[in-house]
Amino acid sequence: MHMADALISPAVGGTMWIVSAGLIAYCARKLKQTMRDNLVPLMGVLGAFIFASQMINFSIPATGSSGHLGGGLILSVLLGPHAAFIVIASVLTVQALFFADGGLLALGCNIFNLGFFPAFIAYPFIYRPLIRGGRGAIRALIAALVAAVVGLQLGAFSVVLETKASGISELPFSTFVLLMLPIHLAIGIVEGLATAAVVAFVARARPEVLDAEPASAGAVTGLRSVLIGLAMAALVIGGAVSWFASTHPDGLEWAIAKVTGKEEVAGSSEGIRGKLAEFQGKTSFLPDYGFKADEEKEVIAASASPAGPEDVGPEWPAVTAGTSVSGIVGGLITLGLVCLAGFALKPRRTNI
Amino acid sequence: MPIMHLANWIEVGRMDDYSRQDTPLHRLDARVKAVTTLACIVAVMSFPRYEVSALMPFLFYPMALTGMGRIPFGFILKKIIVASPFALAIAIFNPVFDREAAFMIGPVAVSGGWLSFTSIMLRFVLTVWAALALAACTGMFRLCAGLERLGMPRIFAGQLLFLYRYLFVVVDEGARMKRALELRSGAIVPVSLRVYGSLVGHLLLRSMGRSERIHRAMVARGFDGAIKIVREPKFRPADWAFLLGWSAFFVAARAWNIPALIGNLVTGAAP
């Protein structure tokens with residue numbers, strides 16, 4: 001469920017970066033207040049443990065497949081939500097950098113999807129209430145199962161919303177939801193079983209490890225409303241954006257054009273102002289969703305503006321045969337140049 | 001989440017070796033490389049969904065990092081391929097749902113879906129390659145120190161460094177456990193849930209025990225709760241040149257479709 005950069009628009013990726021960075025900063029501040037200094041090595045080693053535990057699989061009864069620990073829930077159980085969130089974020093960062101598992105732009109999305117929901121929703125609102133009042137084996141199993149399933153379902157739904165809001169994938173909303181949620185129901189059950197098995201063992205072998213945590217977990221209750229509000233806002237914004245993206249072919253662009261009125265300005269006015277607006281349009285970091293509809297507008301804008309030497313062609317290749325051929329030819333030539341550059345830079349056989 | 005095989009860890013170890021080389025690229029400030037790489041990825045992802053040819057110039061950036069950083073191309077290529085299934089699984093639906101013809105190559109009509117599919121996979125290669133090349137030519141320690149100076153919370157920077165430091169130690173422990181299991185169970189590797197619980201639970205308790213010992217060792221050496229990170233020296237002219245040069249290139253490649261311009265020149269097509 002790690003999202004890749006290739007499916008994320010900078011607007012969505014940037015927003016989720018800000019949200020996740022804010023959550024990390026909040027957790028860091030919270031930890032600084034309640035920090036037992038033995039938590040520093042514990043968090044680091046538990047992050048490494050998540051990687052290591054994924055080498056060992058168990059067989060899933062009645063199926064041919066096998067599963068392993070995911071991480072979010074067990075970390076929350078052992079460390080409390082704040083420390084767990086930081087550990088999950090660090091695990092995802094290492095995965096993005098060294099395994100190409102999830103991208104850098106998508107890192108904010110991944111931290112939110114895989115960290116926020118288990119640590120700040122599933123653990124405090126499902127696992128802890130269910131586990132309260134005794135640690136029966138069945139009770140613990142049910143708590144872990146429900147918490148893991150809910151955490152992963154929310155995360156998977158959030159993946160769908162973020163992907164739809166980015167507008168790069170053509171998957172219809174309902175198909176995507178029907179694809180993601182059942183898969184992650186299965187993954188959630190596996191994760192719940194694995195978490196319950198490990199927690200059950202630790203409860204038998206060293207029960208004090210599980211009791212040591214609540215000191216830092218108690219702090220979350222005071223901020224429940226803030227966090228719920230944040231989650232709601234994210235869901236509402238995500239939902240609204242994805243609604244725009246799905247009902248309007250170029251919904252985001254359309255909405256932004258409505259707000260700023262840039263599109264009209266670029267086409268009509270001349271002189272410096274027109275050039276500035278045009279330049280702004282060209283360097284705009286928001287994707288142009290309405291490729292086909294906007295094409296004519298772009299061509300008109302390019303031809304109507306006072307012809308500078310740089311105004312040789314429209315910004316992106318038009319659908320006409322001539323430009324697409326030159327696009328393909330030019331693209332292949334550029335690819336060739338890149339390969340040449342790589343060949344020139346290719347490391348000679350050296351010993352490292 | 002892919003299952004972590006031991007081979008993956010040997011690969012991460014190799015990546016660590018590459019990041020310890022000493023080339024002009026490795027000597028650049030980590031902040032500069034991180035910001036430039038992120039700028040490259042954002043620029044790539046800001047193109048409209050049907051764009052293919054204008055993305056090509058951006059390949060120069062990861063190619064330059066890989067070449068100048070003396071990182072073998074085969075190593076990076078393998079990692080990109082291993083990481084590709086998720087993007088592929090989502091992108092493959094574009095040709096299914098978007099069948100409108102976008103343009104013709106001779107008699108063959110290419111649908112918008114295949115065009116955007118190509119675009120997604122090209123972007124996937126670009127973004128993943130850039131991120132991997134950044135990690136391989138910077139290394140975790142310099143990267144964390146740099147990001148901490150860019151405003152990353154100190155606790156998070158410390159966490160990343162700690163995680164990275166003990167990754168190999170704890171993974172070795174897990175690998176030994178797995179080997180022992182395989183030797184005793186006749187290669188029937190997926191164990192029952194109950195056995196799994198005690199295996200991984202043991203691994204967990206051992207890890208926690210290790211962290212206790214680490215903590216005592218740290219306290220003995222004067223640890224006061226805050227991790228100290230060595231700060232690198234100031235920006236040098238080479239850092240500015242790298243940052244500004246590549247940024248200018250990204251802006252130019254984003255604003256003008258350079259391959260289309262070359263194509264126009266070569267084919268003589270009207271703009």
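**Entry 1: a loop in chain A**

I began with Ala100(A), which I found in the loop between helix H4 (81-98) and helix H5 (107-131) of chain A; helices here are DSSP runs of H or I with at least four residues, strands are runs of E with at least two, and both are numbered from the N terminus. This is a predicted model, in which local features need pLDDT of at least 70, side-chain atom pairs count only at pLDDT 80 or more, and totals for chains, interfaces and linings use all residues. For my own orientation I noted that residues are numbered from 1 along each chain as its sequence is written, and that chains are lettered from A and ligands numbered from 1 in the order in which they are written.

I looked up the backbone of Ala100(A) and found a positive phi of about 55 degrees, although the residue is not a glycine. Most residues other than glycine have a negative phi. Is Ala100(A) buried or exposed? Ala100(A) is buried, because 25 other C-beta atoms lie within 10 Å; the cut-offs are 20 or more other C-beta atoms within 10 Å for buried, 12 or fewer for exposed, and partly exposed in between, with C-beta atoms placed from the backbone.

**Entry 2: chain A as a whole**

I then looked at chain A more broadly, and its secondary structure comes to 15 helices and 2 strands. Of the 352 residues in chain A, 50% are buried. Two residues are in contact if their C-beta atoms, placed from the backbone, lie within 7 Å, and among the contacts in chain A with a separation of 6 or more, 73% join residues 24 or more positions apart.

I checked the confidence next, using pLDDT, the predictor's confidence in each residue from 0 to 100. Chain A has a mean pLDDT of 72, and 63% of its residues reach 70 or more. Among its elements, helix H12 (residues 262-268) has the lowest mean, 39, while H4(A) has the highest, 91. Residues 214-223 of chain A have a pLDDT below 50, and this stretch has 11 contacts in the model beyond near neighbours in sequence. Residues 279-320 of chain A also stay under 50, with 81 contacts beyond four places in sequence.

**Entry 3: chain B and its partner**

Turning to chain B, I noted an average pLDDT of 84, with 91% of the residues scoring at least 70. Within chain B, strand S1 (residues 101-105) has the lowest confidence, at a mean of 73, and helix H3 (residues 30-45) the highest, at 92. Chain B is divided into domain 1 (6-138 + 233-267) and domain 2 (154-220), with bounds that come from an automatic or database domain assignment. I read a separation of 35 Å between the centres of these two domains of chain B, taken over C-alpha atoms.

For the complex, the predictor gives an ipTM of 0.87 and a pTM of 0.77. I found 120 residues of chain B in contact with 109 residues of chain A. On the side of chain B that touches chain A, helix H11 (residues 193-220) of chain B gives the largest share, 19 residues.

**Entry 4: around helix H3 of chain B**

I followed H3(B) to its packing against helix H9 (residues 140-149) of chain B, where the angle is about 80 degrees and the axes are 8 Å apart; axes are lines fitted to C-alpha atoms, for helices over the stretch in contact, and angles run from 0 to 180 degrees between N-to-C directions. H3(B) and H9(B) are therefore roughly perpendicular to each other, given that angles under 35 degrees count as roughly parallel, over 145 as roughly antiparallel, 65 to 115 as roughly perpendicular and the rest as oblique. Among the residues making this contact are Ala30(B) and Ala34(B) of H3(B) and Leu143(B) of H9(B).

Against helix H8 (residues 112-138) of chain B, H3(B) packs at about 175 degrees with the axes 10 Å apart, which means that H3(B) is roughly antiparallel to H8(B). The H3(B) side of this contact includes Ile41(B) and Val44(B), and the H8(B) side includes Leu126(B) and Leu134(B).

**Entry 5: two loops in chain B**

I last looked at Arg70(B), in the loop between helix H4 (60-68) and helix H5 (73-83) of chain B. Arg70(B) has a positive phi of about 55 degrees without being a glycine, and counts as buried because it has 20 C-beta neighbours inside 10 Å.

Asp22(B) lies in the loop between helix H1 (6-19) and helix H2 (24-27) of chain B, and is exposed, with 8 other C-beta atoms within 10 Å. I noted 8.6 Å between the C-alpha atoms of Asp22(B) and Gly69(B), which are 47 residues apart along the chain.
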